[in-house]
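These entries record what I looked up in the structure shown below. I took up one topic at a time.

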Amino acid sequence: MTEVRAKARTGESPFAERFAVFAECLLTGVWIAVAALPLVTYPAAFAAGARHLRRRTTHEIGGLREFAADFRAAARRGWLVGLAGWAAVAVVWVDVQAVRAGLPGGPLVGAAGLFALIGAAVAGLRAAALWQPGASWRALLAGAGRRTVLDPAGSFLIVGGLAVVVCSAWFAAPLAIPVLGAVAAASLAVEERYRRR
């Protein structure tokens with residue numbers, strides 16, 4: 001029934017509609033990668049990418065200009081989230097060095113740090129998927145942290161998306177760039193799934 005409604009709205013076949021969304025995900029991945037080049041702007045880049053894909057799936061008008069406007073709005077406070085993310089990576093790197101040095105309890109601390117970093121990445125993606133102009137990153141991250149724990153299936157799906165990015169980068173580094181859009185789409189889908197439960 002929803003396919004019939006989508007076809008009536010867009011005039012496209014269901015296959016063409018799905019392929020168009022897939023192509024938009026790949027293009028959005030390139031936009032996300034370019035916007036994340038300053039390294040601390042990756043949360044804002046994912047937020048703008050997820051918002052762009054939300055517009056696409058609801059058949060609203062939007063393109064690069066709207067993506068750029070969303071990115072600027074999200075980056076106002078989002079760069080602090082990006083900075084905190086890099087600080088977390090640094091802490092985990094120290095944990096890994098403790099494991100390599102053979103310090104007592106190092107493997108346990110290293111494993112805990114790695115799982116915490118993965119959880120923080122998932123919560124960050126879930127928060128970015130729900131970002132709207134004017135939203136508080138602190139509130140978004142707090143809610144996303146709760147959903148990351150309360151919805152392990154959805155969190156695992158996002159981890160799978162991140163694994164695809166890593167595998168794509170390992171296979172051929174340029175492939176990881178468009179796949180970033182698929183991760184943003186997966187985060188958006190997980191949040192929509194959680195909302196409808």
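**Entry 1. Burial of an arginine.** I count a residue as buried when its relative accessible area is under 20%. I worked from a predicted model. I looked up Arg51, and its relative accessible area is 18%, so Arg51 is buried by that cut-off. Arg51 lies in helix α3. I then listed its partners, leaving aside neighbours within four places in sequence: Arg51 is in contact with Asp70, Trp131, Gln132 and Pro133.

**Entry 2. Confidence.** I checked the pLDDT before reading further. The chain has a mean pLDDT of 89, and 94% of its residues reach 70 or more. Which elements have the lowest and the highest mean pLDDT? Helix α1 (residues 2–10) has the lowest, at 45, and α6 has the highest, at 96. I noted that residues 1–8 have a pLDDT below 50. Beyond near neighbours in sequence, this stretch has six contacts in the model. Where pLDDT is low, the predicted coordinates should not be read in detail. I therefore did not interpret those contacts, given the pLDDT below 50.

**Entry 3. Helix α7.** I turned to α7, which covers residues 152–171 and has 20 residues. From its first C-alpha to its last, α7 reaches 28 Å, close to the 28 Å expected at 1.5 Å a residue. Which residues of α7 are buried? I found Gly154, Ser155, Ile158, Gly161, Val165 and Ser168 to be buried. Seen down the axis of α7, these buried residues fall within an arc of 140°, so they line one face of the helix. On the other side of α7, I found Pro152, Phe156, Val166, Trp170 and Phe171 to be exposed. I also asked what the buried residues of α7 pack against. They pack against α5 (106–130), α6 (137–150) and α8 (173–195).

**Entry 4. Aromatic pairs.** I searched for paired rings, and the count came to three aromatic pairs. I recorded Trp31 and Phe67 as a tilted pair, 5.3 Å centre to centre with 50° between the planes. Trp31 lies in helix α2 (residues 14–35) and Phe67 in helix α4 (residues 64–101), so the pair ties together parts that are 36 residues apart in sequence. Both partners are under the burial cut-off: Trp31 is buried with a relative accessible area of 14%, and Phe67 is buried with a relative accessible area of 5%.

I then looked up Tyr42 and Trp86. Their ring centres are 6.2 Å apart and their planes stand at 85°, so this pair is edge-to-face. The pair links distant parts of the chain, with Tyr42 in helix α3 (residues 42–57) and Trp86 in helix α4, 44 residues apart. How exposed are these two partners? Tyr42 is partly exposed, with a relative accessible area of 26%, and Trp86 is partly exposed, with a relative accessible area of 40%.

**Entry 5. Cysteines.** How many disulfides does the structure hold? I found zero disulfides. Cys25 is in no disulfide, and the nearest cysteine sulfur, that of Cys167, is 19 Å away. Cys167 is likewise in no disulfide, its nearest cysteine sulfur being that of Cys25. Since a disulfide requires sulfur atoms within 2.5 Å, I record the 19 Å between Cys25 and Cys167 as outside that limit. I also noted the accessibility of Cys25: at 8%, Cys25 counts as buried.

Technical notes: Residues are numbered from 1 along each chain as its sequence is written. This is a predicted model: local features need pLDDT of at least 70, side-chain atom pairs count only at pLDDT 80 or more; totals for chains, interfaces and linings use all residues. Side-chain values use heavy atoms; hydrogens and water are left out. Helices (H or I, at least four residues) and strands (E, at least two) are DSSP runs, numbered from the N terminus. The expected span of a helix is 1.5 Å times one less than its number of residues. Buried means under 20% relative accessible area, exposed over 50%, partly exposed in between (1.4 Å probe, protein chains only). The arc is that of the directions from the helix axis to the C-beta atoms. Contact means heavy atoms within 4.5 Å. pLDDT is the predictor's confidence in each residue, from 0 to 100. Rings of Phe, Tyr and Trp (its six-membered ring) pair if their centres lie within 6.5 Å; planes under 30 degrees apart count as stacked, over 60 as edge-to-face and the rest as tilted.
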